[in-house]
Amino acid sequence: MSVYDAIRMRRDVRAEFTGERISEPQLTRILQAGHNAPSVGNTQPWDFVVVQNPDTLETFADHVADCRRNFADSLPPERRETFDPIKIEGICESGTGIVVTYDPSRGGANILGRHTVDDTGVFSAVLAIQNIWLAAVAEGIGVGWVSFYDEEFLTDLVGVPAPVRPIAWLCVGPVSQFQQTPDLVRFGWRDGRPLDDAVHRETF
Ligand SMILES: Cc1cc2nc3c(=O)[nH]c(=O)nc-3n(C[C@H](O)[C@H](O)[C@H](O)COP(=O)(O)O)c2cc1C
């Protein structure tokens, strides 16, 4: 598969997990892809917490359901109607969660390239996530990013020590198919925009 194919096929997966668990060799390969990401000052500020204990998956899924309910309650009626049928996670069905964390202290005080833009540290950890996401597609493995959680809850759940922060829960597992159209488009929540609208020349 070319990198362009993987980019085109990649989807945020929620409903298509088969219920089987990813194999260890596949898991290692996609984590290695994450670990090969570029990082500011070569700090590699990420860690990956692999969660497969069904009790932990269920505890997290219950918490996410609460957060989803809070978001639904915050919506005006017509948006709520659109949102209601949209699935926003496949935590238990995927069988595996990867919690990606960011350690702002990794690399010490003098980080080459983070001197002026502190966010470059988080950017680096996010690049590891994108590598995982694309490598997973090449393996026929689905990934869904879950961000409906309180950071403190997830920190406690998987024992992340300060100043390290969890920045994503990724649902990872074999899938029956990759949808061709993003779910949020299919369910009428929000369309994408054309490339031409995003490209600017010389000034914004
Ligand atoms: C930072 C980030 C957080 C996200 N959080 C969620 C989430 O909590 N639940 C969800 O269903 N999708 C989540 N998504 C997936 C997006 O909804 C999805 O990427 C977008 O709708 C485009 O669809 P596609 O990834 O299938 O192309 C998240 C994506 C990103 C990049």
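This report describes the sheet, the helix packing, the ligand surroundings and two backbone details of a predicted model.

The sheet is open and is built from 4 strands in the order β1-β2-β4-β3, with antiparallel pairing. Its edges are formed by β1 (46-51) and β3 (141-146), each of which pairs on one side only, and neighbouring strands are turned by 25 degrees against each other on average, direction ignored. Within this sheet, strand β2 (residues 97-102) and strand β4 (residues 165-174) run antiparallel and are joined by 6 bridges; here valine 99 stands opposite tryptophan 169 in β4.

Helix α2 (residues 24-35) lies across β1 and β3 and runs at about 160 degrees to β1. The same helix also packs against helix α6 (residues 120-138), at an angle of about 145 degrees and with the axes 7 Å apart, and the crossing of α2 and α6 is right-handed. On the α2 side the contact is made by Arg29, Ile30, Ala33, Gly34 and His35, which meet Ala128, Ile129, Asn131, Ile132, Ala135 and Ala136 in α6. The residues of this contact divide into 7 nonpolar, 3 polar and 1 charged.

The residues around the ligand are Arg11, Asp12, Arg14, Ile88, Glu89, Trp145, Val146, Ser147, Phe148, Pro182 and Leu184. By class, this shell holds 6 nonpolar, 1 polar and 4 charged residues. Two of its members, Trp145 and Val146, fall within the range of the edge strand β3 (141-146).

Two backbone details concern loops, and the table gives their angles.

| Site | Angle |
|---|---|
| Alanine 162 to proline 163, cis peptide bond | omega about 5 degrees |
| Asparagine 42, positive phi | phi near 55 degrees |

Most residues other than glycine have a negative phi, and most peptide bonds are trans. Proline 163, at the cis bond, lies in the loop between α7 (151-157) and β4, whereas asparagine 42 is placed in the loop between α2 and β1.

As for the record, an unreviewed UniProt entry carries the annotation "domain: Nitroreductase" for residues 7-173. In the model, the end C-alpha atoms of that span lie 18 Å apart, and the span is 43% helix and 16% strand.

How values were computed. Residues are numbered from 1 along each chain as its sequence is written. This is a predicted model: local features need pLDDT of at least 70, side-chain atom pairs count only at pLDDT 80 or more; totals for chains, interfaces and linings use all residues. Two strands pair if DSSP finds at least two bridges between them. Helices (H or I, at least four residues) and strands (E, at least two) are DSSP runs, numbered from the N terminus. Axes are lines fitted to C-alpha atoms, for helices over the stretch in contact, and angles run from 0 to 180 degrees between N-to-C directions. Two residues are in contact if their C-beta atoms, placed from the backbone, lie within 7 Å. A residue is near a molecule or strand if its C-beta atom, placed from the backbone, lies within 6 Å of it. Ala, Val, Leu, Ile, Met, Phe, Trp, Tyr, Cys and Pro count as nonpolar, Asp, Glu, Lys and Arg as charged, and the others, Gly among them, as polar. A crossing is left-handed if the near helix is turned anticlockwise from the far one by less than a right angle, and right-handed if clockwise. UniProt positions are given in the numbering used here, feature names are shortened, and annotations may be inferred rather than shown by experiment.
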